[in-house]
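Please find below my notes on the model, set out as numbered points. They move from a single residue to helix packing, aromatic pairs and the chain as a whole.

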Amino acid sequence: MTREKNPNVLIIDDEAEIRTALERVISREGYHVFLAEDFESAMTIVRDHAVDIVISDILMGGKDGIEVAKEIKKYNSNIPVILITGNPQLHTAEEALRNRVFDYISKPVSRQNILAALENARKEKEDRDRKSKKIIKAVREKTHFAQQSKDLNYRNSLILETTGDCVITLDEDLLIRGANEATVRNFGYDENEIVGQKITLLISDENTGAYLERIAHLMSRKSDHNIARLHNAELISRSGEKFNFDISVCRYELNGKTYYTGIARDITQKNIISEKLIDAERRAFLTTIASSIGHEINNALTAIQGFIEVARLPDADEPIKDKAISVTWNQITKLKNLTFNLLQLGKPGDSGRDKEDLDLNEVVESVIEVFRKTTRLKYCEIVFDRSPEKTAVHSNADQLSLLFSNIFLNSADATENKGRIEISVGEKNHHPMVKIRDNGVGMSKDILNKIFQPYFTTKKTGQGTGLGMFVAKEIADVFGIRIEIDSEPEKGTEFRLVFPDKL
């Protein structure tokens, strides 16, 4: 008989001859045998040694075999107990069954019967031990995971209570179901005054309609895109003070219900500091480039003055006069664009405050119509692909027009004002997007890295100041618009203006 482990067998009988006879039979099969003459000595062995199987006589002095089975069951229910009796009775067998005795053998005990019972008991013990190990492992893992979850919840609780960001949870009815300490502190409410209230409690009257419309858009989404962001949102405190926040909103399911948790970061001071920095930089740029712009203006005026003087001569013919008109018009157009960008650069940095709901189709189309009548885009092939539906953004029409104008002009210049410019309005990952693609000269990686730097230009001297794309980038940053560019020399350029989520 080969086994992975030789089981330890405890034989309990008050007759020494029977103990010895059983020991000889069992030990020859490789079992380790312990002998006990009564209940007390048997339990001492069970406590001091790893016993796998117990064989006990039922009738003994003191506590009998049934008592042994009961105690073994209390100590370790995995240990099989085999009872031997010389006087089998029905009530004894029933008692043995009630106490989960593994086997019940009558005397005289044959070698075959006892070895068969032992082999079955050994298999039962191994099976019980395997199941117990699995249960213990599962309990330990469950306890470990429960502790991990408890620790994680504790850490999350600490983060929520110590973070300076406001964390607010809403249900499907837009009722506030949870708010951290920063929310209570920043908005001036007690927790019991804010939890259970509508989110409109934190929205000013003039913004309620627009914000609820964007929230409804998030709630009606059918895709798996569960994150939305709202830039520069204005919320109101209990005292009526207004603050600006960047908000990220997550949608999730819990117990069959939908919830929305938003993390709102107060950017009020950041906006104030940013506006002051931009203002300071703009004024510094004006001082730095004043002489350069003055030089450009003087050159343009000199050209205009020279051709007009020639055209005024008594012998000036029609071709000369036409040439003077053409040069004058071109120089005036250049001066107009130069001063337009210069004036925009010198404006105070509060352009991001005056926002309204706009349709990108209409804004883009109005800019295109203006440029189709000017010489800069007159000879370009402009293809506009409107979005089939209204593409809504919350922005500033004048500033968007300036942003689009600078990029359209950049595309026109890249094609020497005679190429193809494809403009389309659509979406990218639920974000409104305007795409501008040209078949112009394209840009190298080195130029792409510098395109938004002030004064940087690839145009010839006198044809550009390098301010257009810088101004475009500043406007994009104010409104949270991401500018993506794909370009390759001699293969054209594609600009993608990706707007904040429509939430």
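1. In this predicted model, arginine 128 has a relative accessible area of 15% and is therefore buried, the cut-off being under 20%. The residue belongs to helix α5, which spans residues 111–162. Beyond its neighbours within four places in sequence, arginine 128 is in contact with Ser77, Asn78, Ile79, Pro80 and Phe102. For one of these partners a separation can be given: isoleucine 79 and arginine 128 are 49 residues apart in sequence, while their C-alpha atoms are 8.5 Å apart in space.

2. How do the axes of helices α2 and α3 cross? Helix α2 covers residues 39–48 and helix α3 residues 65–75; their axes come within 11 Å, with a crossing angle of roughly 20°. Angles under 35 degrees count as roughly parallel, and α2 and α3 are therefore roughly parallel to each other. The crossing of these two helices is right-handed. On the α2 side the contact involves Phe39, Met43, Val46 and Arg47, and on the α3 side Glu67, Val68, Glu71, Ile72 and Tyr75. By class, the contact of α2 with α3 comprises six nonpolar and three charged residues, with no polar ones.

3. A further helix pair is formed by α13 and α15, the latter spanning residues 468–478. Their axes come within 9 Å and cross at roughly 145°. The crossing of α13 and α15 is left-handed. From α13, the residues Gln399, Leu402, Leu403, Asn406, Ile407 and Asn410 meet Gly468, Met469, Val471, Ala472 and Ile475 of α15. The contact of α13 with α15 divides into seven nonpolar and four polar residues, and no charged residue takes part.

4. How many aromatic pairs does the structure hold? There are three, and two of them are described in this note. Phenylalanine 187 and phenylalanine 245 form a stacked pair, with 5.7 Å from centre to centre and 20° between the planes. This pair links distant parts of the chain, given that its members are 58 residues apart: phenylalanine 187 lies in helix α6 (residues 181–187) and phenylalanine 245 in strand β9 (residues 242–254). Is each ring's residue buried or exposed? Phenylalanine 187 counts as buried because its relative accessibility is 2%, and phenylalanine 245 is buried with a relative accessible area of 1%.

5. Phenylalanine 404 and phenylalanine 408 also form a stacked aromatic pair, with centres 6.1 Å apart and planes at 15°. Both residues lie in helix α13 (residues 397–414), where they are four residues apart, about one turn of the helix. Phenylalanine 404 and phenylalanine 408 are both buried. Helix α13 thus carries this pair as well as the contact with α15 described under point 3.

6. Some totals place these details in context. The protein chain has 15 helices and 17 strands. Of its 503 residues, 42% are buried. Which share of the contacts between residues at least 6 apart in sequence joins residues at least 24 apart? In the protein chain that share is 63%.

How values were computed. Residues are numbered from 1 along each chain as its sequence is written. This is a predicted model: local features need pLDDT of at least 70, side-chain atom pairs count only at pLDDT 80 or more; totals for chains, interfaces and linings use all residues. Side-chain values use heavy atoms; hydrogens and water are left out. Axes are lines fitted to C-alpha atoms, for helices over the stretch in contact, and angles run from 0 to 180 degrees between N-to-C directions. Angles under 35 degrees count as roughly parallel, over 145 as roughly antiparallel, 65 to 115 as roughly perpendicular and the rest as oblique. A crossing is left-handed if the near helix is turned anticlockwise from the far one by less than a right angle, and right-handed if clockwise. Contact means heavy atoms within 4.5 Å. Ala, Val, Leu, Ile, Met, Phe, Trp, Tyr, Cys and Pro count as nonpolar, Asp, Glu, Lys and Arg as charged, and the others, Gly among them, as polar. Rings of Phe, Tyr and Trp (its six-membered ring) pair if their centres lie within 6.5 Å; planes under 30 degrees apart count as stacked, over 60 as edge-to-face and the rest as tilted. Buried means under 20% relative accessible area, exposed over 50%, partly exposed in between (1.4 Å probe, protein chains only).
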